[in-house]
Amino acid sequence: MANVVELNFPIDSALKHDAEIVLNNLGLSMATAIDIYLKQITLTGRIPFDVELPMAPDSINAKFMTASDIRNTLKAGEDDIKHGRCIKAKDIKKKGL
């Protein structure tokens, strides 16, 4: 058997919990999932998935909007906030969104 070392690092408890649910459904332990991840890094020489910021849809991507489009979008957002048609970021997790 290979020489085994123990990793110990802090991680957000909610993230760990959510990941464990998925891993349990896949029949994997957290240790096995991390082992797979590290093996893929050593086999491929890179992180085994793309790390990038998601692209905004064209309809709200400032690169494709005119100044008027941007103003109208911001105004619509302000109106949504004013009329309570929004969810506060702190409430998203509570509502399961």
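This text walks through a predicted model, taking its salt bridges, its largest pocket and one loop residue in turn.

A search of the whole structure finds four salt bridges. Side chains of opposite charge can pair when their charged atoms come close. Three of the bridges found in the search of the whole structure, which gives four, are described here, going from helix α1 to helix α3.

Among them is the bridge between E20 and K16, whose side chains meet with an N to O distance of 2.8 Å. Both residues belong to helix α1, which covers residues 13-26. E20 and K16 are four residues apart, or about one turn of the helix. As for their surroundings, E20 has a relative accessibility of 27% and therefore counts as partly exposed. K16 has a relative accessible area of 35%, so K16 is partly exposed.

Helix α2, spanning residues 30-44, holds another pair. Here D35 forms a salt bridge with K39, and the closest N and O atoms are 3.2 Å apart. Because D35 and K39 are four residues apart in helix α2, about one helical turn separates them. D35 is partly exposed, its relative accessible area being 37%. For K39 the relative accessible area is 48%, and K39 is partly exposed. The cut-off matters for K39: a residue counts as exposed over 50%, so a value of 48% leaves K39 partly exposed.

A further bridge lies in helix α3, which runs over residues 67-82. The side chains of K75 and D79 meet there, at 2.9 Å from N to O. K75 and D79 are again placed four residues apart, about one turn of helix α3. K75 has a relative accessible area of 44% and is partly exposed, while D79 counts as partly exposed at 24% relative accessibility.

The next topic is empty space. Rolling a probe the size of a water molecule over the atoms shows where such space is left. In this model the largest pocket contains about 600 Å³ of space. It is lined by 19 residues, and those closest to its centre are L7, M30, A31, I34 and D35. D35 is also the residue that forms a salt bridge with K39. Which elements give two or more residues to the lining of the largest pocket? They are α1 and α2. Of the elements, α2 gives the most to this lining, with seven residues. Sorted by class, the lining of the largest pocket has 15 nonpolar residues, one polar residue and three charged residues.

The last stop is N61, in the loop between α2 and α3. Is N61 buried or exposed? N61 has a relative accessibility of 8%, and buried means under 20%, so N61 counts as buried. When neighbours within four places in sequence are left aside, N61 is in contact with M55 and A56. A position in α2 gives a sense of distance: I36 is 25 residues from N61 along the chain, and the C-alpha atoms of I36 and N61 are separated by 36 Å.

Terms used: Residues numbered from 1 in each chain as written. Predicted model: local features only at pLDDT ≥ 70, side-chain atom pairs only at ≥ 80, totals over all residues. Heavy atoms only, no water. Buried < 20%, exposed > 50% of the residue type's maximum accessible area, 1.4 Å probe, protein only. Contact = heavy atoms within 4.5 Å. 1 Å grid on protein atoms, 1.4 Å probe; cavity = no way out; pocket = protein on both sides within 12 Å on 5 of 7 lines; lining within 4 Å. Points joined across faces, edges and corners; volume = space filled by probe spheres on them. Nonpolar A, V, L, I, M, F, W, Y, C, P; charged D, E, K, R; others polar.
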